[in-house]
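You asked for a careful reading of this structure before it goes any further. My comments are set out as numbered points, each meant to be checked against the coordinates.

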Amino acid sequence: MTAPILALRGVNKSFGPIDVLHDITLEVQAGQVLCLLGDNGAGKSTLIKIMSGVHQPTSGVIEIDGVPVGLPTPRAAAENGIATVHQFGGTFPLMSIGRSFFVGVEPTKGWGPFKIYDRKRANDIAVKAVRDFGITRIDDGDRLVGGLSGGERQSLAIARAVHFGARVLILDEPTAALGVKQATHVLRIVNEAKKRGLAVVFITHQVMHAMAVGDHFAVLIRGAVAADFHKGEKSREEITDLMAGGASMASLEAEIEGYMASHDGHPPPPTH
Ligand SMILES: Nc1ncnc2c1ncn2[C@@H]1O[C@H](COP(=O)(O)OP(=O)(O)OP(=O)(O)O)[C@@H](O)[C@H]1O
Ligand SMILES: [Mg+2]
């Protein structure tokens with residue numbers, strides 16, 4: 001069996017005295033979508049920031065193709081083929097589609113013609129890349145990104161990552177702010193990226209979105225992997241319960257802690 005494209009082994013992360021991630025072991029396979037589920041504050045964003053070189057693990061190992069690596073910066077992650085699309089698509093509203101497509105692509109990396117920005121060529125390449133993903137409503141690279149819908153912006157960011165050779169695509173809640181139709185569009189593009197052999201890490205709060213694209217699921221509860229399973233192994237109800245179960249456990253504990261703090265350390269009496 002080939003090694004996973006990206007793996008975390010026993011990763012811990014603390015910010016000063018605050019332990020945010022505990023002993024995370026996860027594998028991301030080519031041609032598969034890994035859904036990261038979990039309530040607010042569970043540690044999902046922190047985990048993907050470790051995968052994308054924004055944060056360093058306090059301990060534990062990151063592997064790429066089975067080889068331990070360091071990802072000291074977002075650039076190092078990008079050079080290893082890891083692309084992260086943030087919630088609002090990582091695009092710039094006042095830039096044209098063509099220009100935003102090539103932002104941050106260093107001319108020294110084989111993009112000679114772009115040392116002097118070639119508007120027409122940039123537009124042609126950007127529009128083609130986006131249309132190849134089935135977004136046929138985009139046909140003019142001069143249009144401003146700010147005029148695109150949320151789903152189109154997400155799609156543009158994903159097409160861009162794929163065009164520049166990403167092998168791992170990390171999406172932090174790409175469907176959170178979208179209506180049903182737009183979200184469906186983004187889910188379709190996630191499936192297309194997967195068909196092209198990319199590994200996708202997909203964060204969502206919506207169980208239906210996760211089930212529509214996920215091959216592999218990991219549920220984080222307070223910084224630990226509480227469940228790790230594959231498509232078909234759990235029903236929608238079970239997944240929802242797992243997510244909600246973590247949340248209600250967390251709030252119950254906070255309630256008990258609050259009670260104890262104001263009652264000389266005594267736990268609340270049992271209710272019947
Ligand atoms: N730089 C930081 N310093 C201290 N604590 C942090 C830092 N970043 C995150 N945390 C804490 O780590 C925990 C996990 O945060 P994180 O943003 O990873 O959660 P999340 O699962 O992405 O939540 P959400 O679903 O709300 O986006 C939170 O309690 C948060 O306050
Ligand atoms: Mg988050």
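The points below go from the overall fold to the ligand, the core, one helix pair and one residue near the end of the chain.

1. Please keep in mind throughout that this is a predicted model. The protein contains eight helices and ten strands, and 39% of its 272 residues count as buried. Among the contacts with a separation of 6 or more, 67% are made by residues 24 or more positions apart.

2. The surroundings of ligand 1 deserve a look at the level of individual residues. The shell consists of Phe15, Ile18, Val20, Gly38, Asn40, Gly41, Ala42, Gly43, Lys44, Ser45 and Thr46. Two elements, strand S2 (18-28) and helix H1 (44-51), each give two or more residues to this shell, and H1 gives the most, with three residues. Sorted by class, the shell around ligand 1 has six polar residues, four nonpolar ones and one charged residue.

3. The largest nonpolar core comprises 73 residues, and those with the most contacts inside it are Val168, Leu169, Ile170, Val200, Val201 and Phe202. What does valine 168 touch, once residues up to four places away in sequence are not counted? Its partners are Ile5, Leu6, Val28, Gly81, Ile82, Ala83, Leu198, Ala199 and Val201, the last of which is also listed among the core residues with the most contacts.

4. Two packed helices are described by the angle between their axes and the distance between the axes. For helix H5 (residues 150-163) and helix H6 (residues 180-195), the angle is about 10 degrees and the axes lie 8 Å apart. Because angles under 35 degrees count as roughly parallel, H5 is roughly parallel to H6. On the H5 side the contact is formed by Gly150, Gly151, Gln154, Ser155, Ile158 and Val162, which meet Gln182, Ala183, His185, Val186, Ile189 and Ala193 of H6. The residues of this contact divide into six nonpolar and six polar, with no charged residue.

5. Is proline 267, which is found in the segment after helix H8 (236-261), buried or exposed? Proline 267 is exposed, because 10 other C-beta atoms lie within 10 Å, and a residue counts as exposed at 12 or fewer. Leaving aside neighbours within four places in sequence, proline 267 is nevertheless in contact with Ile256 and Met260. Proline 267 and isoleucine 256 are eleven residues apart in sequence, and the C-alpha to C-alpha distance between them is 6.7 Å.

Note on methods. Residues numbered from 1 in each chain as written. Chains lettered and ligands numbered in written order. Predicted model: local features only at pLDDT ≥ 70, side-chain atom pairs only at ≥ 80, totals over all residues. Near = placed C-beta within 6 Å. Helix = DSSP H or I, 4+ residues; strand = E, 2+ residues; numbered from the N terminus. Nonpolar A, V, L, I, M, F, W, Y, C, P; charged D, E, K, R; others polar. Core = buried A, V, L, I, M, F, W, Y, C linked by C-beta atoms within 7 Å. Buried ≥ 20, exposed ≤ 12 C-beta atoms within 10 Å, placed from the backbone. Contact = placed C-beta atoms within 7 Å. Axes fitted to C-alpha atoms, helices over the stretch in contact; angles between N-to-C directions. Parallel < 35°, antiparallel > 145°, perpendicular 65-115°, else oblique.
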